[in-house]
Amino acid sequence: MDYRRRISKLREMMEENEAVGALIAPGSNFYYLTGINPLGSLERLFLLLIPSEGEPAIIAPQLYENELSTWELGRLFLWHDGEDPYQLFRRVLEENFPKNGKLLVDDTMPVGTLLKAEFLENYKLNTLSLLISELRVIKSHEEIKLLKKAAEIVDKVFYTLLEEKIEGRSEKELAAWIEYLIKSLGADGISFEPIVASGPNGANPHHRPTDRKIKRGDVIVFDYGAKWKGYCSDITRTVVIGEPSEEVKSAYETVKEAQERAFQTVRGGIAAGDVDRAAREYIEKAGYGKYFTHRTGHGLGLDVHEEPYISPGNSTILREGMVFTIEPGIYLPGKFGIRIEDDVFVKKRGIRLTEAKRELMCI
């Protein structure tokens, strides 16, 4: 990844917004700009400072010295346990960021950092999110390849699920198994806690797995994701144990067709809300409108939820290189839930990154 170019582009955007610099805490923005993803760093002061002029700087605890030894994009300031790192922070800040200027702060900055750094009152603090989101929303060819690899992993996990005995196992057990499979296929880890929602639990879109055991006749929603070199995938497939009822078949085919219609809508130049509308209108015409309770999708990248959001009325124009999910659903309280989700990127038209079967699978 060309981290120097990314920092340079961010600086151009800061200049256009008359900002004197940016403060970035460890997390996806930090990783995007540096390629560094420190573990367990939020307990101690750890910051990337990017001034509008001059070299970037990292302030970090001494214990990360080895991990930061390969960083060559700016200066490195290390502090030891027992020292007050905020004195160092203040010095580096005031030497490189003119007072009273606009300072862009990472939205994930720990509030404790801001409260302890009382000297930040000498600056006009603004959010970094609008600028960094605009920078990150268009994925490079290299990023698309990483996202595709993450998608291939979750596809493989789904086919493994189909081959194994699921009946009699608990939601918690299956969720843990999914996490194991993801890691065994070489992923960095999961992009979020897996959702396994069976029977009436499937009517909760963000159900937390329980001890409920899978029974014959259950409809099961599997929603999970993998991280590959920091980049996330997110897939949902719905299966039935045994023979589905006519009600299940009807709802499933409605969701499947709605997802396909939304996917066929994807192309550069249309609004994100148009993709949402394609799915939502079909579900509404089928009589399930009030049971589709969430947006149709969300962006994917280093975060599993980021821009662009495929939501009602969103006027964000889709552009080549954007990546997002399409995941309509129907949730019938006390009965079951159905969701089908794929990861899609925009080229001239939409291209699916996840490719696992979307037909109703009875196992």
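**Reading a predicted fold, feature by feature**

Tutor: Let's start at Glu18, which sits in the loop between helix 1 (3-16) and strand 1. Helices (H or I, at least four residues) and strands (E, at least two) are DSSP runs, numbered from the N terminus. This is a predicted model, in which local features need pLDDT of at least 70 and side-chain atom pairs count only at pLDDT 80 or more, while totals for chains, interfaces and linings use all residues. Residues are numbered from 1 along each chain as its sequence is written, and side-chain values use heavy atoms, with hydrogens and water left out.

Student: What is the phi of Glu18?

Tutor: First the general idea: most residues other than glycine have a negative phi, and most peptide bonds are trans. Glu18 is not a glycine, yet its phi is positive, about 55°. Asn100, also not a glycine, has a positive phi of about 70°. Asn100 is in the loop between helix 4 (85-96) and strand 5.

Student: And which peptide bond is cis?

Tutor: The bond from Glu307 to Pro308 is cis, with omega near 0°. Pro308 belongs to strand 14 (residues 306-310).

Student: Are Glu18 and Asn100 buried or exposed?

Tutor: The terms rest on relative accessible area: buried is under 20%, exposed is over 50%, and partly exposed is in between (1.4 Å probe, protein chains only). Glu18 counts as exposed because its relative accessible area is 68%. Asn100 is exposed too, because its value is 56%.

Student: How many residues of strand 1 are buried?

Tutor: Six of the six residues in strand 1 (residues 19-24) are buried, so the strand is mostly covered.

Student: Which strands pair with strand 1?

Tutor: Strands of a sheet pair through backbone hydrogen bonds, either parallel or antiparallel. Here, two strands pair if DSSP finds at least two bridges between them. Strand 1 runs parallel to strand 5 (residues 102-105), with four bridges, and Ala19 has Lys102 as its bridge partner there. With strand 2 (residues 47-51), strand 1 pairs in the antiparallel sense, again over four bridges. Gly21 is matched with Pro51 of strand 2.

Student: How do I read a strand order such as 8-9-12-20?

Tutor: That is the order of the strands in an open sheet of four strands with mixed pairing. Strand 8 (195-198) and strand 20 (361-362) are at the edges with a single partner strand each, so one side of each has no neighbour in the sheet. Strand 9 (residues 219-224) and strand 12 (residues 235-240) are antiparallel and share six bridges. Look for Phe222, which stands opposite Arg237 in strand 12.

Student: Which strands are at the edges of the sheet 7-10-11?

Tutor: That open sheet of three strands has antiparallel pairing. Its edge strands are strand 7 (189-190) and strand 11 (231-232), each pairing on one side only. Strand 10 (residues 226-228) is joined to strand 11 by two bridges, and the bridge partner of Trp228 in strand 11 is Tyr231.

Student: Now a single residue: where is Ser170, and is Ser170 buried or exposed?

Tutor: Ser170 lies in the loop between helix 7 (141-163) and helix 8 (171-184). Ser170 counts as buried because its relative accessibility is 8%. Contact means heavy atoms within 4.5 Å. Apart from neighbours within four places in sequence, Ser170 contacts Thr210, Asp211, Arg212 and Lys213. A polar atom of the Ser170 side chain is also 3.0 Å from the backbone nitrogen of Glu173.

Student: Which residues does Lys148 contact?

Tutor: Lys148 is in helix 7. With neighbours within four places in sequence left aside, Lys148 is in contact with Arg352, Leu353 and Glu355. The side chains of Lys148 and Glu355 make a polar contact at 3.3 Å. A polar contact is a pair of N or O atoms within 3.5 Å; within protein, one must be able to donate a hydrogen and the other to accept it, and residues adjacent in sequence count only if both atoms are side-chain atoms.
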